[in-house]
Amino acid sequence: MNREEFMEYIRENFNVDGTTQRLIDNILCFVENNYPEENEQYRVLCALLDGTIGLTSNEIKKVYL
């Protein structure tokens, strides 16, 4: 999933408000702009998102920025 697809997945599958959605989108933009390697992206996204709203590492593994 790219960033837009992942955000749609978040909106459809989790009960999060607009502020939380913007925060997650900002995290995704930060990771996309600062970590070009796929493994680095996964590691950082896990550190920042794993367990925060109920996301699992398997769900995060599907994100390709």
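## A look inside the core

In this predicted model, the largest nonpolar core has 16 residues, and the ones touching the most other members are Phe6, Ile10, Leu28, Leu45, Leu49 and Leu55. Helix H1 (3-13), H2 and helix H3 (38-49) are the elements that each give two or more residues to this core. That fits a general pattern: in soluble globular proteins, nonpolar side chains tend to be buried together.

Let's zoom in on Ile10, one of those well-connected core members. Which residues does Ile10 touch, leaving aside its neighbours within four places in sequence? They are Val16, Ile24, Ile53 and Leu55.

Now for Gln21, which sits in helix H2 (residues 18-34). Is Gln21 buried or exposed? Its relative accessibility is 19%, and the cut-off for buried is under 20%, so Gln21 counts as buried.

Here are the contacts of both residues side by side, without neighbours within four places in sequence:

| Residue | In contact with |
|---|---|
| Ile10 | Val16, Ile24, Ile53, Leu55 |
| Gln21 | Met7, Arg11, Val16 |

Next up is H3. This helix has 12 residues and spans 16 Å from its first C-alpha to its last, close to the 16 Å expected at 1.5 Å a residue. Which residues of H3 are buried? Gln41, Val44, Leu45, Cys46 and Leu49 are. A handy rule about spacing: an α-helix has 3.6 residues a turn, so residues three or four places apart point the same way. The cover over the buried residues of H3 includes H1, H2 and helix H4 (57-61).

After H3 comes Gly51, and its phi is positive, near 80°.

How values were computed
Residues are numbered from 1 along each chain as its sequence is written. This is a predicted model: local features need pLDDT of at least 70, side-chain atom pairs count only at pLDDT 80 or more; totals for chains, interfaces and linings use all residues. Side-chain values use heavy atoms; hydrogens and water are left out. Helices (H or I, at least four residues) and strands (E, at least two) are DSSP runs, numbered from the N terminus. Buried means under 20% relative accessible area, exposed over 50%, partly exposed in between (1.4 Å probe, protein chains only). Contact means heavy atoms within 4.5 Å. A nonpolar core is a set of buried Ala, Val, Leu, Ile, Met, Phe, Trp, Tyr and Cys residues joined through side-chain atoms within 4.5 Å. The expected span of a helix is 1.5 Å times one less than its number of residues.
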